[in-house]
Amino acid sequence: MAQLDIDFCGIRSPNPFWLASAPPTDKAYNVERAFEAGWGGVVWKTLAEAGPPVVNVNGPRYGALLAVDRSLIGFNNIELITDRELEINLEEIRAIKRRWPDRAVIASIMVPCKEESWQAILPRVEDTGCDGIELNFGCPHGMSERGMGSAVGQVPEYIQMVTAWCKRYSRLPVIVKLTPNVTNIRMPARAAKAGGADAVSLINTINSIMGVDPETLTMSPAVGEQGTHGGYCGPAVKPIALHMVAEIARDPETAGLPISGIGGIGSWRDALDFIALGAGSVQVCTAAMVFGFKIVQEMINGLAGYMDRKGLASIAQLRGRAIGSVTDWQFLDLNRVSKAVINQDTCIQCGRCHIACEDTAHQAITAQRDGRRHFEVKEEECVGCNLCVNVCPVPGCITMRELAAGEIDRRTGRVVSDTRLQWTAHPNNPLRSGA
Amino acid sequence: MSEERRADIRPGRLPPQTYAARFADHVPPLTEAQALLEASRCLYCYDAPCMQACPTRIDVPSFIRRIAEGNVRGAAESILTSNPLGGMCARDCPTEVLCEQVCVRNTEQGLPVAIGRLQRYAVDGLMAGAHQRLFTRARPTGRRVAVVGAGPAGLACAHALARRGHSVALFDARPKPGGLNEYGIAAYKVAGGYAQREVQWLLEIGGIELQCGWRLASAAQLEALRREYDAVFLGLGLAQTYRLGIPGEGLEGVADAVEFISRLRQTPDLAALPVGRRVVVIGGGMTAIDAGVQTKLLGAESATIVYRRGEQQMPASRKEQDLARIQGVIILHWLAPVEVLGEGGSVRGVRFARQRLEDGRLVPAGEELTVEADMVLKAIGQRLEAGLPSECGLAQRDGRIVVDESGRTSVANVWAGGDCVADGEDLTVYAVAHGLRAAHDIDTQLRNVRARADG
């Protein structure tokens with residue numbers, strides 16, 4: 001049986017599934033229920049400095065992008081960090097950690113970019129007995145207008161500075177939570193490492209507006225007649241998050257830096273993606289907010305079953321296994337040739353592949369044969385783009401067949417080569433090596 | 001059965017408050033949530049098979065996509081542009097042998113997209129809204145067309161001609177327009193007075209003058225119409241029913257199923273409608289099913305549909321047969337009526353002869369069977385009014401009017417469509433298609449005539 005327990009930069013938990021710092025981890029009541037359901041850890045809803053608590057809006061905080069069947073594709077929020085007294089949160093963290101010593105309890109923190117603010121809060125957090133701290137440099141709404149959250153995460157120098165303060169004033173592992181609202185995620189990650197971070201976590205939410213009410217022509221979600229951009233998360237953001245995780249994992253300057261993966265994780269398959277691309281733990285929010293805490297049991301069961309099937313004994317054996325498969329375009333092998341193949345036995349004749357290819361791609365799929373409805377790939381036109389595979393409603397009906405070396409590519413008439421050809425050496429590249 | 005008896009035919013077999021529920025929509029309308037979910041199953045096929053299967057070529061993927069996008073009015077517009085009686089077709093089309101039969105979801109999931117129910121959702125949505133008007137009548141052309149018969153064919157033709165700016169005189173022999181939609185199909189398929197609701201919507205286009213209670217009964221009348229109008233469209237339907245031609249047909253308790261359904265559709269009080277305790281329906285089409293099911297719904301103890309051929313040959317679709325069975329109707333096959341048995345002038349049963357196929361022909365198999373009955377409904381088909389078409393010089397084939405691919409009859413300036421022509425199946429949707437193609441051809445002809453006159 002595969003072991004799911006992890007040691008993430010010194011923080012141990014019985015499984016890699018943590019609840020992200022968010023509404024589900026706002027208070028002891030929720031966290032208690034989460035641990036009962038089986039979550040391996042929680043990152044407590046972000047703490048603010050002592051004083052009058054943060055104020056939230058008293059109207060819609062959430063908005064969603066729904067499919068026609070109302071399954072949730074994307075989710076957005078304008079909720080701020082905790083709006084409860086610091087002391088209450090600290091007391092609850094202390095009590096929870098005492099009751100659940102085997103689970104990871106991490107405190108998320110967001111205070112102004114002043115050394116004395118961090119110096120003041122860190123000992124109090126450490127005193128709770130929590131396992132680590134996560135620096136919220138990610139929230140893109142509200143707090144960023146006050147110079148915190150993503151306003152810090154967008155300036156590598158600030159990240160490095162604050163991280164260094166935290167390392168100076170606390171013995172706890174420091175996880176720096178990054179915002180995706182930047183042009184190149186490698187820069188903030190490098191800054192975190194330079195500041196001494198023990199790990200990074202990403203992604204926080206993405207700037208977003210969910211839509212416009214067609215009757216009132218008001219953006220949504222709105223508080224009265226106006227709304228503001230929120231932070232976008234949920235299944236739709238996973239590909240963006242995976243890219244950013246992979247970038248940090250394969251950047252020589254940050255390679256090996258522990259990563260806690262966040263963004264659209266709702267199943268063991270999603271978790272697998274993050275772990276294989278370098279994440280040592282994963283954090284979940286939206287799926288819990290849609291389905292409740294029990295969802296973690298399906299994730300644990302699915303991941304353990306997969307690892308057993310693949311003969312993987314531990315998360316460590318899976319972690320990072322796909323990083324080497326991520327590269328730059330210029331290093332892709334241009335001598336590889338694939339062609340789409342439509343399985344006529346499972347084809348239901350909807351014709352989506354044809355019209356997609358005919359209207360928008362390479363006119364490589366027939367609509368008729370002998371006057372009858374028939375969809376078949378014309379190999380002499382097919383560039384292997386994969387569009388038909390993606391629009392086909394039948395799982396496995398259209399597949400890509402890679403031509404073996406020595407076969408003729410009927411589109412180009414050339415024999416498929418068994419040697420690698422990258423753009424860097426391609427004859428059409430004026431800057432090719434040796435040119 | 002030796003004692004003196006009369007057939008047990010009487011009204012009010014059920015508690016009065018139960019009738020409304022029994023005759024309510026047998027396929028309930030989709031809720032918004034159901035419609036959105038069902039619409040999401042449509043794959044928006046290329047050159048969609050469902051569209052090809054529809055005699056009126058409704059663009060099914062387009063209207064379903066519009067439902068999914070929350071554009072119900074646009075969905076209705078797409079439907080009604082192709083078929084102005086789309087609301088009725090959504091209710092009474094045998095979709096299981098038309099659009100839904102060829103839906104690609106059958107192959108993949110064993111369950112087609114519920115196209116008919118979605119179509120009803122869209123059209124009902126429009127009808128329930130504040131702005132029901134979709135089409136504007138073109139500038140009046142000054143041309144006048146007579147449309148005889150306000151059934152689906154005539155209504156579709158009249159509406160299409162009116163849209164193009166022609167003036168239409170629409171005649172019908174019955175007190176109300178709608179044809180079989182009003183008088184002929186089962187009440188539970190068109191609950192809530194939908195037939196009249198639809199006619200009202202169609203007439204709102206303007207330029208159509210409806211005259212009910214006018215029957216085309218002579219060649220002289222047709223001649224007068226041809227003189228008075230620029231074109232004539234005949235959507236006569238099939239006004240006569242076939243006789244069994246066996247002894248006992250005149251006994252009390254033997255009636256035409258068509259007549260029975262018509263009375264049922266028009267009665268203000270279903271509890272007042274007499275129905276037999278044991279009913280036998282002879283025939284195998286939709287009318288037989290509609291009659292059998294409705295006698296059961298009226299409280300008949302038993303209803304038995306008897307058809308002379310097998311289940312495969314039955315004109316009623318499989319789905320209709322299943323519906324009847326669910327309602328407790330018994331369907332017997334391979335039995336041809338030999339004699340209606342009576343006692344004291346009333347029917348007491350029907351004697352049938354078992355049939356078998358010999359070189360494709362039905363022949364008696366030797367065995368006979370009697371089914372006891374208090375009421376016998378004949379549903380063995382309808383035909384044109386005898387004599388009239390020939391008198392009018394209309395060429396016929398198999399007892400129906402012959403038309404070309406534009407709906408023209410053999411008589412100049414006379415078009416025809418619907419059940420009265422020898423083309424397509426006896427379904428609302430074919431009648432609509434006939435009416436529309438004739439309207440298109442009439443319009444083309446009238447414009448050409450005018451163009452020549454102007455030139």
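Reader: Which exposed residues does the face of H3(A) turned away from its buried side carry?
Author: In this predicted model, local features need pLDDT of at least 70, side-chain atom pairs count only at pLDDT 80 or more, and totals for chains, interfaces and linings use all residues. Residues are numbered from 1 along each chain as its sequence is written, while chains are lettered from A and ligands numbered from 1 in the order in which they are written. A residue is exposed if 12 or fewer other C-beta atoms (placed from the backbone) lie within 10 Å of its own, buried if 20 or more do, and partly exposed in between. On the face of H3(A) turned away from the buried side, the exposed residues are A:Glu116 and A:Pro123.

Reader: OK, and what arc around the axis do the buried residues of H3(A) cover?
Author: Helices here are DSSP runs of H or I, at least four residues, and strands are runs of E, at least two, numbered from the N terminus. In H3(A), the buried ones are A:Trp118, A:Ile121, A:Leu122 and A:Val125. They sit on the same side of H3(A), because the arc, taken from the directions from the helix axis to the C-beta atoms, is only 110°.

Reader: How far apart are the end C-alpha atoms of helix H3 of chain A?
Author: The expected span of a helix is 1.5 Å times one less than its number of residues. For the twelve residues of H3(A), 115-126, that gives 16 Å, which agrees with the model's end-to-end distance of 17 Å.

Reader: What covers the buried residues of H3(A)?
Author: Contact means that two residues have C-beta atoms, placed from the backbone, within 7 Å. By that test, the cover in chain A includes S4 (41-47), H2 (86-99), S7 (104-109), S8 (132-136) and H5 (156-169).

Reader: So which elements do the buried residues of H5(A) pack against?
Author: The buried residues of H5(A) are A:Pro156, A:Ile159, A:Val162, A:Thr163, A:Trp165 and A:Cys166. In chain A, they pack against H3, S8, H4 (150-153), S9 (174-177) and H6 (186-194).

Reader: How far apart are the C-alpha centres of domain 1 and domain 2 of chain A?
Author: Domain bounds come from an automatic or database domain assignment. Chain A is split into domain 1 (6-325) and domain 2 (329-425). Their C-alpha centres are separated by 40 Å.

Reader: And in chain B, how far apart are the C-alpha centres of domain 1 and domain 3?
Author: The assignment for chain B gives domain 1 (27-128), domain 2 (144-239 + 384-454) and domain 3 (241-381). Between the centres of domain 1 and domain 3, the distance is 34 Å.

Reader: What radius of gyration does chain B have?
Author: Chain B has 17 helices and 19 strands. The globule rule, 2.2 Å times the number of residues to the power 0.38, is compared with a radius of gyration taken over C-alpha atoms. For 455 residues the rule gives 23 Å, so chain B is as compact as a globular protein of that length, with a radius of 23 Å.

Reader: Which helix gives the most to the side of chain B that touches chain A?
Author: Twelve residues from chain B and twelve from chain A make up the contact. On the chain B side, helix H2 (32-39) and helix H7 (105-109) each supply at least two residues. The biggest share, three residues, comes from H2(B).
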